Every structure is written in C-alpha cells, then in structure tokens.
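Work through the two exercises below with the model open. Each task is followed by its solution in steps.

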Amino acid sequence: MLFAADNIHPLNPDVAAAMDKLDPEPIRHRARRLRDAGVQWIDVNPGHLPRSKEDRMTFLVETIQEAVSLPLILDSPNPRVLRRGLESCRETPILNGLTREPRKLGEILPLAVEHRTPLVVLLLDEKSFSPPTVEEKAALAVELHGRAVEAGIPHEHLIFDPLVPNMAWPDAPARIAHTIETVRLLSRGDLLGRTARTLVGLSNLRSGLRKSMGPELECALLGALGQAGLHAVLADALNGRLVRAWKFLEGLGASSRKGV
C-alpha cells in the first residue's frame with residue numbers, strides 16, 4: 001500500500017498563510033517533513049481559488065519541487081487550476097479527479113488525455129454525491145471506467161476512489177462497509193474484468209471531528225482497507241500513529257509476499 005500525504009492544503013493555517021503571502025519556506029519545510037515520513041506521493045490541494053489567485057497552484061507545485069523530488073497528485077475540481085499545475089510539473093503528476101459531473105467529464109477527462117496523466121476516478125454522481133451502496137458504487141465505477149477508456153485513458157492509468165464517509169453521517173458505518181467491499185471487488189478484478197488500483201481519502205473519516213474522535217478510527221479502517229487490497233491511502237502523513245500503523249501493515253504485506 002502506497003501513502004499519499006494530504007498535508008498541503010489551505011485548511012492548515014500555515015499553508016494558508018504561505019499561499020496568501022507567496023512565502024515558500026513553510027511549504028518547503030512541510031514538504032521535507034512529508035518526504036522524511038516516507039510517503040510516496042504528495043497531494044497538492046490549493047482549495048477553492050478565485051480566478052485572480054489560480055496561480056497559487058503554480059506556486060505550490062514549484063515550491064514543493066524545489067524541496068523534494070516526490071511525485072505529485074494535483075487535487076482540484078477546477079480544470080483551469082489543474083492545467084496550471086500541469087504546466088509547472090517537472091514529471092507527470094496524477095490528476096484528482098474525475099466524477100460523473102458534466103464539467104469533469106467535459107474538461108478534466110480531456111486534460112488527462114492531453115497530458116497522458118494517471119487519473120483518480122472519484123465515485124461521485126452528476127450532483128457530486130457519493131452513492132451509499134456497493135451496487136451503486138460498482139455501477140458508477142464501470143460507467144466511468146468505460147468513459148475514460150473510450151476517451152483514451154489506459155486502464156492502468158485509472159485509480160478508483162470509492163469515498164470514505166464522514167463519521168458524522170448517520171449511515172457512516174454502513175457506508176464504510178460498502179466502501180471496503182468496493183475496494184475488494186476492484187482490487188480482485190471482479191468489477192472490471194481485471195484488477196484496478198484504488199485509493200481512499202482517509203482524513204474524510206474524522207474531518208471536523210478530531211476533538212471528539214481519535215486517530216485509532218483511521219488506523220482500524222486502514223487495516224480493513226489493506227486487507228481488502230487497497231493500493232494507496234491519501235492521509236495525514238504528520239500523524240505519527242497513523243504512519244506507524246501504515247508501516248506495520250506494509251511490513252506484514254512484505255512478509256506475506258515473501259511467503260513468511
């Protein structure tokens with residue numbers, strides 16, 4: 001299981017201040033900390049940007065690349081912002097991401113085709129809602145896979161995110177079970193006729209609830225997702241407890257692959 005750090009976003013006050021002032025040092029410092037934590041990818045999420053500040057994606061990408069050589073995930077619902085990031089990347093990034101929303105299909109999908117980038121496929125419908133059941137998630141995965149492949153994205157460039165719910169949702173436990181099962185079906189090849197890569201944003205689980213719920217929830221879910229065959233987790237790489245859990249699971253996986 002690979003680890004993508006979700007720590008570059010304006011919900012963090014230090015990142016927000018650095019973006020506002022175009023101050024590179026806090027971003028460089030944070031990028032180095034993420035590298036030292038052992039992550040494989042850094043997710044670059046500038047948040048919602050007015051047109052006058054869309055250059056903040058460029059600022060983040062260039063600043064991170066000055067500090068570390070890790071691959072990047074460009075994370076924005078805005079195709080113009082993603083294009084800014086693409087134009088600044090030294091190496092091919094991952095785009096995050098595609099949904100059934102018309103604008104995403106009409107603008108982000110062609111962008112991925114044009115730049116030949118891997119693409120995160122978020123299992124969200126045309127209204128950006130996450131379907132609750134495994135059957136609905138499976139149907140959406142099959143549909144979006146078909147559209148992406150027809151547009152020219154190779155199957156191996158697609159990474160499916162079945163969405164982790166927030167624990168404040170009344171049906172969160174059931175949704176979590178359906179997300180785990182969707183990961184299992186995709187990773188085994190049962191949905192698309194061949195194995196598919198998967199990713200989940202684990203921080204969604206406790207977003208807005210960190211004072212009342214501890215990181216043990218994320219650690220437990222990470223273990224269940226790992227057993228289901230999760231390819232990559234997008235999460236807080238500065239949470240030492242979570243990173244230790246990930247490294248422990250990686251060690252178990254390595255031992256299993258060696259037949260120990």
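Helices (H or I, at least four residues) and strands (E, at least two) are DSSP runs, numbered from the N terminus. The model is predicted: local features need pLDDT of at least 70, side-chain atom pairs count only at pLDDT 80 or more, and totals for chains, interfaces and linings use all residues. Residues are numbered from 1 along each chain as its sequence is written, and side-chain values use heavy atoms, with hydrogens and water left out.

**Exercise 1.** Describe the ends and the two sides of helix H1 (residues 13-21).

Step 1. After H1 comes Leu22, with a positive phi near 55°.

Step 2. Within H1, Val15, Ala18 and Met19 are buried (under 20% relative accessible area; exposed is over 50%, partly exposed in between, with a 1.4 Å probe and protein chains only).

Step 3. These residues lie on the same side of H1, because they cover an arc of only 100° around the axis (taken from the directions from the helix axis to the C-beta atoms).

Step 4. Pro13 and Lys21, on the other side of H1, are exposed.

Step 5. At the N-terminal end, Asn12 caps H1, with a side-chain oxygen 2.9 Å from the backbone nitrogen of Asp14.

**Exercise 2.** Classify the one aromatic pair that a search of the whole structure finds.

Step 1. Ring centres of Phe, Tyr and Trp (its six-membered ring) must lie within 6.5 Å; planes under 30 degrees apart count as stacked, over 60 as edge-to-face and the rest as tilted.

Step 2. The rings of Phe3 and Trp246 have centres 5.0 Å apart and planes at 70°, so the pair is edge-to-face.

Step 3. Phe3 is in strand S1 and Trp246 in helix H9 (residues 240-257), so the pair ties together parts 243 residues apart in sequence.

Note on methods:
A polar contact is a pair of N or O atoms within 3.5 Å; within protein, one must be able to donate a hydrogen and the other to accept it, and residues adjacent in sequence count only if both atoms are side-chain atoms.
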